[in-house]
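Student: I'm new to this one. Could you take me on a close look at the spot where the ligand sits?

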Amino acid sequence: MDIKIIPAPPEKRKAKPTDESKLGFGKIFSDHFFTMPYHADRGWHDPQIEPYRPLQLDPTAMVFHYAQEIFEGLKAYRGKDGAIFLFRPMDNIRRMNVSAEYLCMPKLDEQLFLEAITKLVLLDRDWIPRGSGTAAYIRPTMIATEKALGVHPANEYLFYIVMGPVGAYYPEGFAPTKIYVTDDYCRAAPGGIGAVKAGANYAASLHASEIAKKKGHTQVLWLDPAERKYVEEVGTSNMFFVIGDELVTSPLLGSILPGITRDSVIRLAKSWGVKVTERRISMDEVMEAIASGTMQEAFASGTAAVVSPVGQISFRDRDYLINGGKTGRMTERLYNELLAIQYGQQDDPFGWRVKIAD
Ligand code: COI
């Protein structure tokens with residue numbers, strides 16, 4: 001299928017942000033977006049890039065009622081001399097198809113998906129910011145559009161991709177965050193949809209996140225739903241601890257999102273000779289490591305969050321500082337090297353970077 005391109009007329013083009021230090025996350029979108037509808041009788045059809053616009057949906061579109069929605073998040077980075085890079089886009093594309101399978105949604109052709117991202121980014125390349133730590137965030141999304149109120153997998157869908165310039169995800173920027181550990185609420189259970197990127201998982205996280213925010217914390221750290229004992233993930237990212245000389249993160253046991261940044265952090269740290277272990281880590285162990293002084297650092301990883309230091313953990317109404325509340329050395333090295341690979345400033349021995357413009 002050929003992707004049709006309908007450029008936005010000059011008078012419809014929006015003003016680009018002038019101050020890149022104030023981009024924040026997910027508030028500004030470029031001039032175009034990609035759309036492709038699906039109908040059970042026709043399959044995916046009419047892929048096109050068109051001027052950015054609101055969607056028009058029937059009030060009974062099934063996404064509004066039964067949350068049949070999945071998404072992805074990846075970034076385009078501006079390198080030196082006009083080069084533009086994507087970071088591990090095929091991993092996002094494959095994960096989206098895994099999410100589609102879990103939510104009984106139709107799969108996407110991987111090559112067409114990559115072509116859609118590439119063409120959109122190139123058309124709106126002037127929207128990719130230049131500053132360090134900034135990028136264009138790309139949000140592929142699939143929603144159920146069939147008009148129906150019976151509970152069943154929809155017969156009609158819309159796949160679309162929007163993009164826009166972003167800075168740091170957290171208001172703190174690359175600065176230590178405060179994490180609130182909840183054992184009152186759970187995000188997802190094994191056998192559920194916690195391991196895929198469905199909007200419903202984020203809806204399930206809102207209540208506890210608001211409690212955390214009211215108490216002055218940036219994010220919630222979720223524990224396993226069965227025993228409320230083992231660390232799972234932070235709302236928008238995967239959790240890592242440096243205990244002694246070991247970098248520890250929770251294993252992917254079915255209720256945790258298999259983060260692409262998580263995998264990149266693991267492989268990068270291993271390439272430096274760091275002992276990296278994917279194992280269950282209990283809050284008891286976290287508390288003990290903090291008390292005994294073996295807890296060196298903590299951070300969270302994600303596309304939006306990149307590598308985000310954790311300076312304080314609050315659990316059962318007590319606050320615990322990690323590394324004196326400061327960013328740790330390994331956290332900083334991971335952040336710097338990951339960004340250097342993403343921006344094309346250093347070698348990419350892993351083959352993660354995809355150059356889409358010279
Ligand atoms: C991402 O890191 O790309 C995410 O999707 C997390 C969040 C902003 C929902």
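**Around the ligand**

Tutor: Let's start with one contact: a polar backbone atom of alanine 304 is 2.8 Å from an oxygen atom of the ligand. With the protein in place, 92% of the 280 Å² of accessible area that the ligand has on its own gets covered. Keep in mind that this is a predicted model.

Two more contacts of this kind are worth finding. In tyrosine 137, an N or O atom of the side chain is 2.5 Å from an oxygen atom of the ligand. In threonine 303, a backbone N or O atom lies 3.4 Å from a ligand oxygen atom.

Now zoom out to the whole shell. The residues surrounding the ligand are Phe25, Phe71, Gly73, Tyr137, Arg139, Tyr169, Lys197, Tyr202, Thr236, Thr303 and Ala304. Sorted by class, that shell has 6 nonpolar, 3 polar and 2 charged residues. Where does this put the ligand relative to domain 1 and domain 2? Domain 1 (4-166) and domain 2 (177-342) both supply shell residues, so the ligand lies between them. The space that the ligand takes is the largest pocket.

There are enclosed spaces to look at too. The count comes to 4 cavities of 30 Å³ or more, and the largest cavity holds about 100 Å³ of space. Among the residues lining that largest cavity are Gly73 and Thr303, and you've already met both Gly73 and Thr303 around the ligand. Other residues in the cavity lining include Leu74, Lys75, Tyr77, Phe87, Ile260 and Gln342.

Definitions and conventions
Residues are numbered from 1 along each chain as its sequence is written. This is a predicted model: local features need pLDDT of at least 70, side-chain atom pairs count only at pLDDT 80 or more; totals for chains, interfaces and linings use all residues. Side-chain values use heavy atoms; hydrogens and water are left out. A residue is near a molecule or strand if one of its heavy atoms lies within 4 Å of it. A polar contact is a pair of N or O atoms within 3.5 Å; within protein, one must be able to donate a hydrogen and the other to accept it, and residues adjacent in sequence count only if both atoms are side-chain atoms. Accessible areas come from the Shrake-Rupley method with a 1.4 Å probe; for residues, only the protein chains shown count as cover. On a 1 Å grid over the protein atoms alone, a cavity is a set of points where a 1.4 Å probe fits but cannot get out, and a pocket is an open set with protein on both sides within 12 Å along at least five of seven lines; lining residues have an atom within 4 Å of a point. A molecule sits in a cavity or pocket if more than half of its atoms lie within 2 Å of its grid points. Ala, Val, Leu, Ile, Met, Phe, Trp, Tyr, Cys and Pro count as nonpolar, Asp, Glu, Lys and Arg as charged, and the others, Gly among them, as polar. Domain bounds come from an automatic or database domain assignment. Grid points are joined across faces, edges and corners, and a volume is the space filled by probe spheres set on the points.
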